Amino acid sequence: MADGKKGVDFSVVKEGEPCPKEDGGALPWPLMPNVVGATYNKAVADLKAAGVPLERVKLEDVYLDTDTPTVEQAAKDGEEWHVCFQDPGKDGKVTSTTTVRLDLGRWSDASLVKTCLPAKGTTYQIPANDPDYQRPSISPGDDDSSSQNGSTGGGAKTVHAGAFCSPAGAVGTANGKTYTCKGPGQNRWRQ
């Protein structure tokens with residue numbers, strides 16, 4: 001200082017912002033990793049490793065018939081929830097004002113849909129929930145050469161309570177009674 005007094009210079013950043021490597025340098029914002037295709041658990045681990053604050057993550061669902069999970073629900077079933085879309089994209093800066101969006105689809109080995117959609121909100125996780133879904137009409141005498149144990153991709157030789165069936169939501173009739181294929185995982189005709 002010109003008057004002979006000693007001074008101390010302080011450099012500060014706003015709360016929640018990272019410190020630059022040197023005075024006056026650019027703020028080293030975390031870069032968004034590519035988590036598309038990862039399970040929710042893997043995506044969270046990748047976000048933490050990249051330094052992305054998890055309190056900035058917002059979850060969305062991708063299907064028309066599925067509610068968005070809470071963070072707790074997604075964490076509980078973290079191997080069944082999969083990231084289909086993300087924003088920002090890979091290597092996008094995650095600043096103090098960035099909201100990270102993960103669009104999730106849920107499926108397990110028993111699910112009918114086991115892949116991400118080409119676009120968010122374009123289809124149903126359970127196809128039978130679609131108002132335009134054409135339920136197959138199945139009669140006891142139907143002969144489907146692909147049938148095994150009474151179960152096919154759209155028909156069945158055996159329609160009676162407890163018989164195997166597929167897909168979930170299919171409707172069959174036998175002896176004047178209507179049966180519905182209950183699933184996933186149950187895959188049996190129920191009246």
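User: Let's start with the sheet. Which residue stands opposite L104 in β3?

Analyst: V83 stands opposite L104. One thing to keep in mind throughout is that this is a predicted model. V83 belongs to strand β2, residues 81-87, and β2 is joined to β3 by six bridges, with the two strands running antiparallel.

User: Which strand pairs with β3 in the parallel sense?

Analyst: That's β1, residues 57-61, which pairs with β3 over five bridges. To get the register, pick one pair: K58 has R101 as its bridge partner in β3.

User: Is β3 enclosed or open, and how do I read that?

Analyst: Count buried residues along the strand. Five of the seven residues of β3 are buried, so the strand is largely enclosed by the rest of the structure.

User: How do those elements sit in the overall chain? What is the order of elements from the N terminus on?

Analyst: The order reads α-β-α-β-β-β-β-β-β, which comes to two helices and seven strands. The protein has 191 residues, and buried ones make up 35% of them. For a feel of the long-range wiring, look at contacts with a sequence separation of 6 or more: 48% of them are between residues 24 or more positions apart.

User: Now the nonpolar core. What's the general idea, and which residues touch the most other members?

Analyst: The general idea is that in soluble globular proteins, nonpolar side chains tend to be buried together. Here the largest nonpolar core has 17 residues, and M32, Y40, L59, V100, L102 and L104 touch the most other members. At least two residues of this core come from each of α1, β1, β2 and β3. The largest share, four residues, is supplied by α1.

User: L104 turns up again. What does L104 touch?

Analyst: Leaving aside residues up to four places away in sequence, L104 touches Y40, L59, E60, D61, V62, P69, A74, W81, H82 and V83. So you meet V83, the residue opposite L104, in that list too.

User: How do I read the helix that gives the core its largest share? Which residues of α1 are buried?

Analyst: In α1, Y40, A43, V44 and L47 are buried. Look down the helix axis and these buried residues fall within an arc of 100 degrees, so they line one face of the helix. They pack against β1, α2 (71-76), β2 and β3. Just after α1, check the backbone at G51: its phi is positive, about 85 degrees.

User: On to charges. What is the idea behind a salt bridge, and how many does a search of the whole structure find?

Analyst: Side chains of opposite charge can pair when their charged atoms come close. In this structure the search finds eight salt bridges. An example within a helix is D46 with K42, where the closest N and O atoms are 2.8 Å apart. Both residues lie in α1 (residues 40-50), four residues apart, or about one turn of the helix. K42 is partly exposed, at 46% relative accessible area.

User: What about K90 and D91: how far apart are N and O in their salt bridge?

Analyst: 3.2 Å, N to O. K90 has a relative accessible area of 55%, so K90 counts as exposed, while D91, at 47%, is partly exposed.

User: And D103, buried or exposed?

Analyst: Buried, at 0% relative accessibility. The D103 side chain meets that of R101 in a salt bridge at 2.9 Å, N to O, and R101 is partly exposed at 28%. Then step back from the single pair: K58, E60, R101, D103 and K120 are linked in a network of salt bridges. K58 and R101, which you met as bridge partners between strands, are both part of that network.

User: Last one: how should I read a polar residue in a loop, such as Q125? Where does Q125 lie?

Analyst: Start with its place, then burial, then its partners. Q125 lies in the loop between β3 (100-106) and β4 (137-138). At 17% relative accessibility, Q125 falls under the 20% cut-off and therefore counts as buried. Its side chain makes a polar contact with the side chain of T66, at 3.2 Å. Beyond residues up to four places away in sequence, Q125 touches Y63, D65, T66, R106, W107 and V113.

Methods: Residues numbered from 1 in each chain as written. Predicted model: local features only at pLDDT ≥ 70, side-chain atom pairs only at ≥ 80, totals over all residues. Heavy atoms only, no water. Buried < 20%, exposed > 50% of the residue type's maximum accessible area, 1.4 Å probe, protein only. Polar contact = N/O pair within 3.5 Å; in protein donor to acceptor, adjacent residues only side chain to side chain. Contact = heavy atoms within 4.5 Å. Pairing = 2+ DSSP bridges. Salt bridge = Lys/Arg side-chain N within 4 Å of Asp/Glu carboxyl O. Core = buried A, V, L, I, M, F, W, Y, C linked by side-chain atoms within 4.5 Å. Arc of directions from axis to C-beta.
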